[in-house]
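This report is meant for someone opening the structure for the first time. It moves from the whole chain to helix pairs and then to single residues.

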Amino acid sequence: MRVNEKYSTLPAEDRSVHIINICAIEDIGYLPSEGTLLNSLSVDPDAECKHGLYLRDGRRKVDYILVYHPKRPSGSRTLARRVQHGDAAPAARGTRQDQPLPGKGDVGAAGGPEPPMDYHEDDKRFRREEYEGNLLEAGLELERDEETKIHGVGFVKIHAPWNVLCREAEFLKLKMPTKKLYHINETRGLLKKINSVLQKITDPIQPKVAGHRPQTTKRLSYPFSREKQHLFDLSDKDSFFDSKTRSTIVYEILKRTTCTKAKYSMGQGEGRKKDSALLSKRRKCSKYGITSLLANGVYSAAYPLHDGDYEGENVEFNDRKLLYQEWASYGVFYKYQPIDLVRKYFGEKIGLYFAWLGVYTQMLIPASVVGIIVFLYGCATVNENIPSMEMCDQRHNITMCPLCDKTCSYWKMSSACATARASHLFDNPATVFFSVFMALWAATFMEHWKRKQMRLNYRWDLTGFEEEEDHPRAEYEARVLEKSLRTECKSKEKRRHIPEESTNKWKQRVKTAMAGVKLTDKVKLTWRDRFPAYVTNLVSIVFMIAVTFAIVLGVIIYRISTAAALAMNSSPSVRSNIRVTVTATAVIINLVVIILLDEVYGCIARWLTKIEVPKTEKSFEERLIFKAFLLKFVNSYTPIFYVAFFKGRFVGRPGDYVYIFRSFRMEECAPGGCLMELCIQLSIIMLGKQLIQNNLFEIGIPKMKKFIRYLRLRRQSPPDHDEHGKKRQRYEADYTLEPFAGLTPEYMEMIIQFGFVTLFVASFPLAPLFALLNNIIEIRLDAKKFVTELRRPVAVRAKDIGIWYNILRGVGKLAVIINAFVISFTSDFIPRLVYLYVYSQNGTMHGFVNHTLSSFNVSDFQNGTAPNDPLDLGYEVQICRYKDYREPPWSEHKYDISKDFWAVLAARLAFVIVFQNLVMFMSDFVDWVIPDIPKDISQQIHKEKVLMVELFMREEQGKQRLLGTWMEKDRKKDEPCNSHGPKAGLDSPEYPGGAP
């Protein structure tokens, strides 16, 4: 084909397939229209392409979409450069056109002024040309569409033909179902009857999805092989690879296909030399896979398509619509999730997340029931609790010491009656039982999930699946090449004094051109390269934790100063509710700060992970999860830790208080202890985070982003496009959706909630109930977001939930220790036991309150700390009481710590040791008793292996019999020839006795 023939277009009367060069079309100034095809067949004019789900022929599915922003290049300049470098694409990278292309205007021939040269956009365009050409060489079929309803946005539709799907499925070792069917071992006897009864009971809450019922047969799966295609049922090749598998295969090709030539086709004019920053940026990139091209803005988006619309009367039924009806609707909140359909549509990784969330929510049901029983037990026994009755008894007339200096006055213990009675609801003997139960519950939950995970692995053909090393990230490749080029520059500096021979110049050019391919394979980033990033990580994390502590300290100062200010109020009702008011407002402040810092810490964790430059996406995700969890854990639980273990511990005593900054006196716990305040803190933070952060943010922020994106696109689009807004193709509608940002935020909020449920459950038995109610909404909320608000994510194979399982185990172990300390140090459970069995005169709790209070002579107040109004109660106070174990003022060692304190402390430490070891042993025992792999699944996996061996043995025997048959036929054919040969020789006239 001559050069000028490359620019010819297809005559109107010719409907055959014709190949032209898309690069040449752009060179002469043609703007590809909606009808421009890359490697496509002739168009069926009656086909509607099923709303963008198929290419223009209406038969080949669109498996993936690449989005870019087309810019009109300078025709003469572009053509000149292409001719100069001779980078003409081969015919394999051409297009097939079925109609004349509309021109851009002959810019070069017109002789008009040349527009400003935009080398950055030209470089992007050349990268796209080369990359799409490489995709064509890889066997993919492409189709371009720039005349879309979205102004300034072009789409490249990608289709993977059958031979490419087979090739890549074999490379990826995808397990596909074979023709071989086998029966699954069913339970027998009593278990079978129980299962049948349970199936009938749960039938109304099962989703109406095909294949959700327990199956009695299963197809034997085997890694796909082109040599063994006869094993698989290929009667319907269009549905053999589903849309999820097809998009995964295409994405793997997109990741490994590279473009490396565009950056070396740059001219050497003066304009290029001036743009040094751009040149340095180009040199930093080595191999441009799809991740690199997205990072550099060559393409603005890349995503697989949804199966179709999810609502509407005339919408064709598809998996997306089925998921919307049976999974992503709030009306089906009481039903099980169609996990198999979720996996079929979104892939194994997302399917495992929702399966884990479903198992976690189911396990919260028994925990909620037990928590409600514990709470009701506290309500039923509140009137029988002797310590709270003594505190509320007006006849005891116990006068308490002031809660703050000067402004606070003496007060009656009976004024804290409501707090004491409320504390008993959560601080009772049943709380200890509930703490042990929750520790065992956490261990059982982990074991149950492992077994469920193995069942899913068997059902989804993931047994034996091993994750292969992922492709290097674009940032890692850029950093490695930068290091390589820096090393090469240093070596060139050393060799500069040595004259280079002319014969080596060509070799040097080749080495330079291959630098992006070879150097990144040889050079790696070491710890020395990452040392500055590690130091930055350490300093930043310590600083963020210090910021969290500083904020908690600020809230403490707020509580102290607000309590002092309210104590000066003249209203008796205000002064009587000082503790509740201060606690509630401080917790709300903590909640707002926690929500804000969570967002800030998430961004900081991502930035810290980026500067480390992890090699693979998996490594990046694990490091990001660790940093984000550490920062958010500290942020969420620091205020709760303060109330549980530090408040009221270091206050000193009347006459010798501990002060912050020499001005603010440390706050004390209520006479009933800090457990009630811990309960208030935990409940408000937990419920507030779930309501605001997990629900309102998840609903509001995506809708707000979608609305902003709609306004931006509407502003960019011409007016004549607006009327066609409702007639967009599938790929146009999906482009307006929110990109999928990963599962880390979804897991993170659930792990933090798991911490609220387990870590401080001794102080708030209703935590599992509120978590259950939240998760029922959360499942449907996440489902609705995935189906309606997000672009379809690329399906990722995974056999477990990764690092999240280890975090869950760590939180479960930490929960045992924390609950032991909450029961022994925060609640009054241990002091009550010590008093009952050591100090009680009659074996009852009468006198316990008086036993826990020490006496103080008001004449021992330091100067300037005594109440301003000592007669506020109407009488002069000589002795006031405070909660502590100290010697009385009339003792020889007045105000020293008494022996009772050490006895209670010893009992508390002993309880921590016994509780921790006992519960840890019971948890490990549960872990040991429950096998990780269910027995029936283990048998089925073994059965699959045996059946596979038998299948190949029969196949091999068949081949041997066929070979033997062929050899027998060949032998029989040779026998007549051998027997006929001698007879012919004897009758021949050449022999003496032969016929004449």
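## Terms and overall picture

Helices and strands are runs assigned by DSSP, helices having at least four residues and strands at least two, and both are numbered from the N terminus. With that naming in hand, K173 can be placed in the loop between α5 (162-172) and β7 (175-183), a position taken up again further below.

The model is a predicted one, and in it the protein has 34 helices and 17 strands. Of its 996 residues, 49% count as buried, while the protein exposes about 49,800 Å², of which carbon and sulfur atoms supply 59%. Among the contacts in the protein with a separation of 6 or more, 82% come from residues 24 or more positions apart.

## Helix α14 and its two partners

Helix α14 spans residues 348-380, and its axis comes within 7 Å of the axis of helix α29 (residues 767-789), the two crossing at roughly 160°. Angles over 145 degrees count as roughly antiparallel, and α14 and α29 are therefore roughly antiparallel to each other. The crossing in which α14 passes α29 is left-handed. On the side of α14, the residues that make this contact include I350, Y353, F354, L357 and G358, and on the side of α29 they include P768, L769, A771, L772 and N775. Sorted by class, the contact of α14 with α29 has 17 nonpolar, four polar and two charged residues.

The residues that α14 brings to α29 also include L357, T361, L364 and S368. An α-helix has 3.6 residues a turn, so residues three or four places apart point the same way.

A second partner of α14 is helix α17 (residues 429-459), which packs with α14 at an angle of about 160°, the axes being 10 Å apart. These two helices, α14 and α17, are therefore roughly antiparallel to each other as well, but the crossing of α14 and α17 is right-handed, whereas α14 passes α29 in a left-handed crossing. By class, the contact of α14 with α17 has 21 nonpolar, five polar and one charged residues.

## Helices α24 and α30

The axes of helix α24 (residues 617-646) and α30 come within 13 Å and cross at roughly 10°, which makes α24 roughly parallel to α30. In this pairing, α24 offers E622, I625, F629, F633, F641, A644 and F645, and these meet residues of α30 that include I803, W804, I807, V811 and F821. The contact of α24 with α30 has, by class, 14 nonpolar, one polar and one charged residues.

F821 lies in helix α30 and, at 29% relative accessibility, counts as partly exposed. Leaving aside residues up to four places away in sequence, F821 touches F645, T826 and V912. Q916 stands 95 residues from F821 along the chain, yet the C-alpha atoms of F821 and Q916 are separated by 9.3 Å.

## The buried side of helix α31

In helix α31 (residues 829-839), the buried residues are F829, I830, P831, R832, V834 and Y835. These buried residues of α31 pack against several helices, namely α15 (386-392), α17, α30 (803-826), α32 (848-852) and α33 (899-929). Two of these helices appear in the pairs described above, since α17 packs with α14 and α30 crosses α24.

## Single residues worth locating

K173 and Y895 can be read side by side. K173 is not a glycine, although it has a positive phi of about 60°, and at 55% relative accessibility K173 counts as exposed. Y895 is likewise a residue other than glycine with a positive phi, in its case near 70°, and its place is in the loop between β17 (879-883) and α33. At 4% relative accessibility, however, Y895 counts as buried.

Q199 belongs to helix α6 (residues 190-202) and is partly exposed, with a relative accessible area of 42%. The C-alpha atoms of Q199 and P214, two residues that are 15 residues apart along the chain, are separated by 9.4 Å.

Methods. Residues numbered from 1 in each chain as written. Predicted model: local features only at pLDDT ≥ 70, side-chain atom pairs only at ≥ 80, totals over all residues. Heavy atoms only, no water. Axes fitted to C-alpha atoms, helices over the stretch in contact; angles between N-to-C directions. Parallel < 35°, antiparallel > 145°, perpendicular 65-115°, else oblique. Left-handed = near helix turned anticlockwise from the far one by under 90°. Contact = heavy atoms within 4.5 Å. Nonpolar A, V, L, I, M, F, W, Y, C, P; charged D, E, K, R; others polar. Buried < 20%, exposed > 50% of the residue type's maximum accessible area, 1.4 Å probe, protein only. Areas by Shrake-Rupley, 256 points an atom, 1.4 Å probe, with all protein chains shown as cover.
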